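Work through the exercises below with the sequence and the structure open. Each one sets a task and then solves it step by step.

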Amino acid sequence: MSDAESPSSFDPTAQSFEPVSVFPDAEDMDLRPGADNCYKCTACDTSCPVAEVDDEFPGPKFQGPEQWRLKRKSDEAVDDSIMSCSNCMRCDNACPSSVPLSQMHNTARAEYVDEEMDKLSREYLRNRTLANYRTLASVGSKVPRLTNFVMGNSIVQKINEKILGITAEREFPDFATETFRQWWNKRGGPKVRSEEKRVAYFHGCYSNYNTPEVGKGMVRVFESFGYEVVVPKQGCSGTPMFANGMLADAKREAGITVDNFSGLIDEGYDVIASCTSCSMSLKQEYPELFSMDGIEDLSIHTYEAMEYLRIHEDLEGAIADASVEEQAFAYHAPCHARNQGLDRQAVELFRDLDGVVIEDVGDSCSGISGTYGWKEEKYETSMKIGEEMFGHMEHSTGNVGMTECPTCSMQMEHGTGYDIKHPLQLLEEALVE
Amino acid sequence: MTDAPHVLVIGGGSTGCGIARDLAMRGLEVTLVEKGNLTHGTTGRMHGLLHSGGRYAVSDQASAKECIEENRVLREIASHCVEMTGGLFVQRPEDPDEYFEEKLEGCRECGIPAEVLSPEEAREMEPYLAKDIKRAIKVPDGAIDPFRLCVANAASAQEHGARIETHAEVIDVLVEDGAVVGVEIKHDTGPGKRVHREPGSTEKIHADHVVSATGAWAGKIGDMAGVDVEVRPSKGVMTIMNTRQVDTVVNRCRPKGDADIVVPHETTCILGTTDIEVDDPDDYPEEEWEVDMMIDTLSELVPMLANARTIRSFWGVRPLYEPPGTGTTDPTNITRDFFLLDHEDRDGLSGMTSIVGGKFTTYRMMGEKISDHVCEKFDIDAECRTADEPLPGSHDFSILRDYMDEFGLRSPIGRRSVERLGSRAEEVLKTGEPNPVVCECEAVTRAEIQDAIDQSGSDLNAVRIRTRASMGNCQGAFCCHRMAHELYPTYDEPVAYEAFDELFQERWKGERHALWGEQLSQAMLKYSLHSTTMNADHDAVRTGSAIDFSKFDSGQTTAVAGTAGTETAATDGGLPPANGGDQ
């Protein structure tokens, strides 16, 4: 079942790449109601972390409804500033009038990349490479120690920066010596079988290749509550592809995921994710951007892992009875978790856990936004956005960070030097002996 | 030029401006007077259709032929005012087949390129057409900006020596010995560019000939001269949608009826219209049912209109005319042709000609005929050049588009600006100064606003029609005050305030007809922004009363919460009304 054996064929330099028409039918993708909903109040602009630190960035209102309305069907180009949007999606939450801002940004960005970006430019190749992290990871993790050695080499990092435009300031995350899926296969799949309580796990790329301990923890916690967990074949969630305007790539990956999860949903499985950007993508971006059989169903049945347990189990009760060794956390809620209404759940839950001190480090964005902060020209913006969070982390009691998002955790570690944990790891520590 | 006869043109609409330009280009001395801004009358209250002639191809072929001819001329001489969208006559299943055939045949007879499209082809062009349409005829309709066109004609006339006086209402037509010798006008704020708060004055202007191009108001001017001009003003409503549901002009292909056209116009679509005769072009009811009926009926063609956001509605009056004794009862049957009334032949009153009837698309041709007529009177043999000489802004600017980056504007903003300014873009936009966006909805920058202020004084409505600033979805909520600010320091604060008020009132006139759904939210946001940040609902400075500071919460004065100064405060922080509040 391992998908690591069959990485999707991808060659960023291939000449054969043709920007496909991602929106076959204009009616499917109509954003007129979105433009109609905007009454220009600017709440989105005031919530935008990029606009806050970059005076040149015109903000989400311009990128979304304003540009959409000013642009003509045929001849007008999308402004290049769309590439400075980090796709944090905070504007979606800020809007009092339900303007589908991130959807508008995603489509504008895709149009810009399709029509205006030189497919042989360094920026395009870099973005396509970053967006297709999964492909890189599937190759790199075949020889994890070598890859980690090479990528950790400062000369290689300099070359990356010079040639690809990937910042040398950041340390590449290490690949795990054993991926989650390898572990899962070795383990022989599910340990619990159930007709009533069954979930299909969308692990995403990062907990597969880089932090399998998160996935393992998730499995053990769910099994401890009596759930049958299955791990179907899956593609990338598409998050890095949306953020880089690579909708055709995202659609290909979404197709793999939808194909493999749809049947399970019919059999009574709900879909859970441990990464909040993955769950965000399946819940919101998939049905907004693609029309495929089963994509709506997948959206409706997708949950973030802890969200799912809070709904279906007495997680508060279990936590109240548990205790762990004394530890203190500085918790950062990822923007994408915030958009799903999940920004307070870790703090609300773990503050009742014996032995734990947990503080919310505030509602600012971490600034890395997936691949954004990896780009050489965006690094500085990314760190400026992150400053507020770094400061709050340093002032909090905890000296270990906590967050659900893999790249937020990279940024937290990069800015403070703290170790960072995923809430599921603490949940495992508390509930699984 | 001192020997050239002096012609006074009344009316700053498309016809008047077209005549003024034509005569000025032929070397005559021209003065144009207009009671409001340019386009104040009917020109500023139309749907902006550049007719292919298709609409008249069955009922009025003479007009249809003129339309297609002028359509081709305007694409050349007014390229920066025209968007060649193309047009469709769409037949629904319930619309008669015979009429469709007649329409097609009519177009061919009149030399209007016409092509039949299957419903699939039509929906490929316009995906939001109703799924059950039967077929369509494709014709070269277009969209034209009447404001820009009128302003460009007036600017060209000025370049050729004409004097243009706006906000100069004719209060009397001067008649001496059975001949019109001029007019008396009332300047709203003194001659020249309008500046608010400058005292008005009256002026008698003598002329060798007076041309009344006052459309629906021709009867009123006629009365002043003592002649009867029986115009039959007919009102029609138009509703502006927030976005473009269609990018092609969409006409309903049926004999006649209300609510049968959607014109894509700049960022918006304009729905039209009704046709109801009125007594007085200045005073007629603007009725909500007209708007409702129009949206309902046009939704049969483009279903998504039913739930789309409208930003305002406005009414215009057609200057219909028919020779005395014709006796048509239904205004939709009155001819759209124009009539040149030589009052010397007709009424024995020399020195004056009226032009009535007609339509916007053929304004230039009307101007040419009137100018020929006037020149004939003075035995002047001068060629008309208005069909060949591009209007200011419409000189070739294709190269300019490639250099848009030089203006340092974001993509859609630069493009919109260059489309509006045409060949004037470089002189207007390259100021070397910071050039922020003033109107976000329509992408109008400071440089463009300043250029318009240079042309028209402190009149922000004149700035509006030149730039489209405040015409977008927020209807000026975020830019009226910024526009007013641009008047300073050329004009001082009281002038800016008055100009602001006037623009604001004008915006409200149309907004109030669209107060439901999103536009109601928009209007409420506009109201709260302006009342809370500018105290626009009750400004003591402007109303002359002193500010009663005791009405404000004095705030916490001691370390102990809830003591002095707060005990009588209402929940909003002010004192309750009984204690002197102003609610």
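**Exercise 1. Place Met89(A) in chain A and describe its backbone and surroundings.**

Step 1. Met89(A) sits in the loop between α4 and α5 (90-94) of chain A. The model is a predicted one, and the values that follow are computed from it.

Step 2. Most residues other than glycine have a negative phi. Met89(A) is not a glycine, yet its phi is positive, at about 70°.

Step 3. A residue is buried if 20 or more other C-beta atoms lie within 10 Å of its own. Met89(A) has 26 such atoms within 10 Å, so it is buried.

**Exercise 2. Do the same for Ser470(B).**

Step 1. Ser470(B) belongs to the loop between α14 (460-467) and α15 of chain B.

Step 2. Its phi is positive, about 80°, although Ser470(B) is not a glycine.

Step 3. Ser470(B) counts as buried because it has 27 C-beta neighbours inside 10 Å.

Step 4. For context, UniProt places the feature "domain: BFD-like [2Fe-2S]-binding" at residues 437-487 of chain B, in an unreviewed entry. This span is 53% helix and 10% strand, and its end C-alpha atoms lie 15 Å apart.

**Exercise 3. Find the cis peptide bonds from Gly272(B) to Thr273(B) and from Tyr488(B) to Pro489(B), and say where each lies.**

Step 1. Most peptide bonds are trans.

Step 2. The bond from Gly272(B) to Thr273(B) is cis, with omega near -20°. Thr273(B) is in the loop between β17 (268-272) and β18 (276-277) of chain B.

Step 3. The bond from Tyr488(B) to Pro489(B) is also cis, with omega near 5°. Pro489(B) is placed in the loop between α15 (480-487) and α16 (493-511) of chain B.

**Exercise 4. Describe strand β5 (residues 87-91) of chain B: its burial, its two faces and its partners.**

Step 1. Five of the five residues of β5(B) are buried, so the strand is largely enclosed by the rest of the structure.

Step 2. In a regular strand the side chains alternate between the two faces of the sheet. In β5(B), Gly87(B), Phe89(B) and Gln91(B) point one way, while Leu88(B) and Val90(B) point the other way.

Step 3. Five bridges connect β5(B) with strand β7 (residues 135-139) of chain B, and the two run antiparallel. Ile137(B) of β7(B) stands opposite Phe89(B).

Step 4. Four bridges connect β5(B) with strand β15 (residues 249-252) of chain B, this time in parallel. Here the bridge partner of Phe89(B) is Asn251(B).

**Exercise 5. Which residues does Phe100(B) contact, leaving aside its neighbours within four places in sequence?**

Step 1. Phe100(B) is part of helix α3 (residues 97-109) of chain B. It counts as buried because it has 20 C-beta neighbours inside 10 Å.

Step 2. The contacts are Gln91(B) and Cys253(B). Gln91(B) is one of the residues of β5(B).

Step 3. Cys253(B) is 153 residues from Phe100(B) along the chain, but their C-alpha atoms are separated by 6.5 Å.

Step 4. UniProt, in an unreviewed entry, places the feature "domain: FAD dependent oxidoreductase" at residues 7-363 of chain B. Over these residues the chain is 25% helix and 31% strand, and the end C-alpha atoms are 18 Å apart.

**Exercise 6. Describe helix α22 (residues 379-395) of chain A.**

Step 1. The helix has 17 residues and reaches 24 Å from its first C-alpha to its last, close to the 24 Å expected at 1.5 Å a residue.

Step 2. A kink of about 40° is centred on Gly386(A). Gly386(A) is among the buried residues of α22(A), as are Tyr379(A), Ile385(A) and Phe390(A).

Step 3. The cover over the buried residues includes α3 (49-53), β5 (323-331), β7 (400-402) and α23 (406-416) of chain A.

**Exercise 7. How many residues does each chain give to the contact between chain A and chain B?**

Step 1. Chain A gives 22 residues and chain B gives 24 residues.

Step 2. On the side of chain A that touches chain B, α1 (32-37) and α4 (60-70) are the elements that give two or more residues.

Step 3. By class, that side of chain A has eight nonpolar, four polar and ten charged residues.

Terms used
Residues numbered from 1 in each chain as written. Chains lettered and ligands numbered in written order. Expected span 1.5 Å × (residues − 1). Bend = angle between axes of the 7 residues up to and from the residue. Buried ≥ 20, exposed ≤ 12 C-beta atoms within 10 Å, placed from the backbone. Contact = placed C-beta atoms within 7 Å. UniProt positions renumbered as here; feature names shortened; annotations may be inferred. Pairing = 2+ DSSP bridges. Nonpolar A, V, L, I, M, F, W, Y, C, P; charged D, E, K, R; others polar.
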